[in-house]
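Before reading on, take a moment to turn the structure in front of you and find its chains. The paragraphs below go from place to place within it.

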Amino acid sequence: MDESTPPPPDHNSSPPPPPPVTVSGSPTDFLKGVVGKRVIVRLTSGVDYRGILSCLDGYMNIALEQTEEHVNGFTTNRYGDAFIRGNNVLYISAAEPI
Amino acid sequence: MASQILPLELIDRCIGSRIWVIMKSDREFTGTLLGFDDFVNMVLEDVTEYETTPQGRKKTQLSQTLLNGNNICMLIPGSAGPDS
Amino acid sequence: MDPSTTGIQEPFDLIRLSLSERVFVKLRGDRELTGILHAYDGHMNLILSDVEETIMMVDPVDENFEGQGTVKVAKRKMEMLFVRGDGVILVSPPSRT
């Protein structure tokens with residue numbers, strides 16, 4: 001085995017280098033983009049939480065700051081911080097430009 | 001060959017296109033698919049949420065949105081959704 | 001690290017920082033609790049003490065056309081409580097301001 005030998009340089013015929021990794025739009029990339037931003041978290045029950053996304057984990061457990069709870073368009077509660085258990089989450093939507 | 005193409009490969013080909021997402025409940029979404037993962041959590045852009053309630057159908061416009069794959073039932077690629 | 005967060009790197013940090021504090025817990029089935037948080041785990045199973053439970057019940061007979069039926073509120077107190085994690089929707093610690 002001789003894995004250390006690099007392939008012979010051949011600048012003329014080698015394919016162009018792959019383009020730099022652009023934003024692939026994956027869920028992970030989206031989440032990296034929205035941490036620290038205002039978001040709307042809707043639960044499967046239809047209740048909305050609007051606030052600043054502090055952080056989240058692989059279960060979609062979410063920590064929100066300056067949270068407002070909305071039910072049918074009415075603000076029903078305010079929380080300084082809120083932990084939302086991920087299994088209840090329907091979606092996380094950006095509420096300001098990412 | 002039982003299947004030449006995996007279901008998620010088909011969805012992968014829809015990235016950049018409009019897609020119609022039907023949830024297990026009376027809820028549907030349309031949007032431009034930006035990406036998804038192995039759980040079929042999906043990132044959509046220019047999203048419309050359709051909620052069917054006894055009072056009628058409610059529409060909500062959303063910008064970039066991460067949809068939890070847990071509650072997704074069906075995906076219809078290239079569709080403008082229930083209004084089409 | 002986002003400067004707006006106060007040393008919170010994952011959602012469970014919010015809960016960890018609330019140990020021994022009075023927390024608000026929203027549960028499935030229109031139940032709410034406040035109590036002192038003694039313990040939690042990765043399922044969000046909780047041990048609370050000095051708990052007050054609030055149960056909201058909409059009276060279907062009185063439900064008017066706007067769907068805002070009369071809400072009956074029942075409260076009760078428990079000394080010590082185990083909460084199974086799968087019923088938890090939201091936990092809010094006391095404001096750290």
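In this predicted model, the second largest pocket holds about 500 Å³ of space. Of the 24 residues that line this pocket, those closest to its centre are A:Asp57, A:Gly58, A:Tyr59, A:Met60 and A:Asn61. The element that gives the most to the lining of the second largest pocket is α1(A), with three residues. A general point helps in looking at such places: rolling a probe the size of a water molecule over the atoms shows where empty space is left.

The helix α1(A) is a good place to continue, and one may ask which of its residues are buried. In α1(A), the buried residues are A:Pro27, A:Phe30, A:Leu31 and A:Val34. Because these residues cover an arc of only 95° around the axis, they lie on the same side of α1(A). What do the buried residues of α1(A) pack against? Within chain A they pack against β1, β2 and β5, and in chain B they pack against β2 (27–36), β3 (42–53) and β5 (65–67). After α1(A) comes A:Gly36, a residue whose phi is positive, near 90°.

Seen as a whole, chain A has one helix and five strands, and from the N terminus on these elements run α-β-β-β-β-β. Of the 98 residues in chain A, 45% are buried. Among the contacts in chain A between residues at least 6 apart in sequence, 38% join residues at least 24 apart. An unreviewed UniProt entry carries the annotation "domain: Sm" for residues 26–98 of chain A. Over residues 26–98 of chain A, the chain is 11% helix and 58% strand, and the end C-alpha atoms are 14 Å apart.

The interior comes next. In soluble globular proteins, nonpolar side chains tend to be buried together. Here the largest nonpolar core has 24 residues, and those with the most contacts inside it are A:Val41, A:Tyr49, A:Ile62, A:Ile84 and A:Ile92. The elements of chain A that give two or more residues to this core are α1 (27–34), β1 (38–43), β2 (48–56), β3 (62–71), β4 (74–84) and β5 (89–94), and they are joined by β5 (88–92) of chain C. Apart from this core lies another, of 20 residues, which includes A:Ala63, C:Leu33, C:Met44 and C:Leu81. To follow one residue of the largest core, consider A:Val41: when its neighbours within four places in sequence are left aside, A:Val41 is in contact with A:Val47, A:Asp48, A:Tyr49, A:Ile62, A:Leu64, A:Ile84, A:Val89, A:Tyr91 and A:Ile92.

Chain C also has one helix and five strands, and, read along the sequence, chain C follows the pattern α-β-β-β-β-β. Of the 97 residues of chain C, 39% count as buried. Among the contacts in chain C with a separation of 6 or more, 47% come from residues 24 or more positions apart.

Strand β1 (residues 22–27) of chain C contains C:Lys26; is this lysine, C:Lys26, buried or exposed? C:Lys26 is buried, because its relative accessible area is 15%, and the limit for a buried residue is under 20%. Apart from neighbours within four places in sequence, C:Lys26 is in contact with A:Tyr49, A:Glu69 and A:Tyr79 of chain A, and with C:Arg31, C:Glu32, C:Gly87, C:Val88, C:Ile89 and C:Leu90 of chain C.

Two aspartates of chain C deserve a look at their backbone angles. C:Asp30, in the loop between β1 and β2 (31–40) of chain C, has a positive phi of about 55° although it is not a glycine. C:Asp50, in strand β3 (residues 46–58) of chain C, likewise is a residue other than glycine with a positive phi, near 50°. With a relative accessibility of 47%, C:Asp50 counts as partly exposed.

The last stop is chain B, where the "domain: Sm" annotation of an unreviewed UniProt entry covers residues 6–81. This span of chain B, residues 6–81, is 8% helix and 58% strand, and its end C-alpha atoms lie 23 Å apart. Strand β4 (residues 56–62) of chain B holds B:Lys59, which is exposed, with a relative accessible area of 51%. Leaving aside neighbours within four places in sequence, B:Lys59 is in contact with B:Thr48, B:Glu49, B:Tyr50 and B:Asp83.

Conventions: Residues are numbered from 1 along each chain as its sequence is written. Chains are lettered from A and ligands numbered from 1 in the order in which they are written. This is a predicted model: local features need pLDDT of at least 70, side-chain atom pairs count only at pLDDT 80 or more; totals for chains, interfaces and linings use all residues. Side-chain values use heavy atoms; hydrogens and water are left out. A nonpolar core is a set of buried Ala, Val, Leu, Ile, Met, Phe, Trp, Tyr and Cys residues joined through side-chain atoms within 4.5 Å. Buried means under 20% relative accessible area, exposed over 50%, partly exposed in between (1.4 Å probe, protein chains only). Helices (H or I, at least four residues) and strands (E, at least two) are DSSP runs, numbered from the N terminus. Contact means heavy atoms within 4.5 Å. The arc is that of the directions from the helix axis to the C-beta atoms. UniProt positions are given in the numbering used here, feature names are shortened, and annotations may be inferred rather than shown by experiment. On a 1 Å grid over the protein atoms alone, a cavity is a set of points where a 1.4 Å probe fits but cannot get out, and a pocket is an open set with protein on both sides within 12 Å along at least five of seven lines; lining residues have an atom within 4 Å of a point. Grid points are joined across faces, edges and corners, and a volume is the space filled by probe spheres set on the points.
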